Amino acid sequence: MRTPLWLSIAASLSIGASACTSAGSDGADAIDNRAGSLGLLQVERVAEGGDDAPMAELGAAFARYHGTDTQAVARLLGATHGTELESCSLVSDDIEGLAATDATVDLLDIGTIDVHVGESEAHLVPRTFPELARVAAGFFYAGDTDVASVPFGSEEYAFHAQGSAELPGFDVAVPAPYDPVDVRVNGTNLANDLVLARDRDLDFVWEAADPRDQMELELMSEGQTLSCLTRDDGAFRVSAADLAALSADSEARLVVRRVRVQPFDAAGVDVAYVRLASTRVFDVSVR
């Protein structure tokens, strides 16, 4: 089974400090006592290059954790790289990091999750992901669907969780962000087969849409990922110094993603939010 994009290409959203953290007399006590719960609902509408018929990839996870913090769990579940706003960073392997600690992450059952947009409907069902089994016990919710066949910015996504013996159900609806349009890099329209040089800055510009949203730029080259996070204000520069950390790759990929996040109340969960992303992926060359 193919791993959904929202897990394999993790987003770069910072959601704040850990929930229910108990500070002890020293750093070790603080680490040992860190515990809480986190809920994620995610939709990523993905278009390859200039494709006008993108598909939606949906996922959800509700986790209870101990011995770590909210940020680490969010990275594990694919909701953040930990990149600071208005900056870039290389992605690290949080699965290996958590596996080397005494942290525990239990994935909770919340029943079937129904997703509605316009006249379309999808159902999220629990699945296992073997690559996370060493550090996260339980099930993710995931499924690929054409539920986002309507223009992404014209509808809202409505989620209904039926609930279970572990967690009660809920309803939440979030309007979708607009597709990233008129994106240029160094004055050139984004398209497949662009050549990006590591020895010069990359100036991205786009049509800004909503101050609530953020833009993520990810450059994947030779197994490395440079992740950048910025406000949706229409411009961002990726410095040559950041690009220099990547290796050359004639088969690299560039991801441009507009993200909207909305927290919501879910009984029994400390922090819960919906993350909606409109994403374009381009095949590029990095030299």
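This report covers the overall fold, the nonpolar cores, the aromatic pairs and the disulfide of a predicted model.

## Overall make-up

The chain contains five helices and 19 strands. It has 287 residues, and 51% of them count as buried. Among contacts in the chain with a separation of 6 or more, 72% are between residues 24 or more positions apart.

The chain exposes an accessible surface of about 12300 Å². Carbon and sulfur atoms account for 48% of that surface.

## Nonpolar cores

The largest nonpolar core has 28 residues. Within this core, L41, F62, I113, F159 and F170 touch the most other members. At least two residues each come from β1 (35-48), β2, β5 (113-117), β6 (120-127), β9 (156-161), β10 and β19. Strand β2 gives the largest share of the core, with four residues.

A second core, separate from that one, is made of 24 residues. Its members include V183, F204, C228 and F236.

## Surroundings of F62

F62 lies in strand β2, which spans residues 55-66. With a relative accessibility of 0%, F62 counts as buried, because the cut-off for that class is under 20%.

Neighbours within four places in sequence left aside, F62 is in contact with L38, G39, L40 and L41. The contacts of F62 also include D106, L107, L108, I110 and I113. L167, F170 and V269 are likewise in contact with F62.

## Aromatic pairs

Two aromatic pairs occur in the structure. In one of them, the ring centres of F62 and F170 are 5.8 Å apart and the ring planes meet at 45°, so this pair is tilted. F62 belongs to strand β2 and F170 to strand β10 (residues 170-175), so the pair ties together parts that are 108 residues apart in sequence. F170 has a relative accessibility of 6% and therefore counts as buried.

F170 also forms an aromatic pair with F264. This pair is tilted too, with 5.0 Å from centre to centre and 45° between the planes. F264 lies in the loop between β18 (249-263) and β19 (271-286), whereas F170 lies in strand β10, so the pair ties together parts that are 94 residues apart in sequence. The relative accessible area of F264 is 11%, and F264 is buried. Through these ring pairs, F62, F170 and F264 are linked into a cluster.

## Disulfide

A search of the whole structure gives one disulfide. The cysteines are C88 and C228, and their sulfur atoms lie 2.0 Å apart. The link has 105° about the S-S bond and is right-handed.

C88 is in strand β3 (residues 87-90) and C228 in strand β16 (residues 224-231), so the pair ties together parts that are 140 residues apart in sequence. Both cysteines, C88 and C228, are buried. C228 is also one of the residues of the second nonpolar core.

Key:
Residues numbered from 1 in each chain as written. Predicted model: local features only at pLDDT ≥ 70, side-chain atom pairs only at ≥ 80, totals over all residues. Heavy atoms only, no water. Phe/Tyr/Trp six-rings, centres within 6.5 Å; stacked < 30°, edge-to-face > 60°. Buried < 20%, exposed > 50% of the residue type's maximum accessible area, 1.4 Å probe, protein only. Disulfide = S-S within 2.5 Å. Contact = heavy atoms within 4.5 Å. Areas by Shrake-Rupley, 256 points an atom, 1.4 Å probe, with all protein chains shown as cover. Core = buried A, V, L, I, M, F, W, Y, C linked by side-chain atoms within 4.5 Å.
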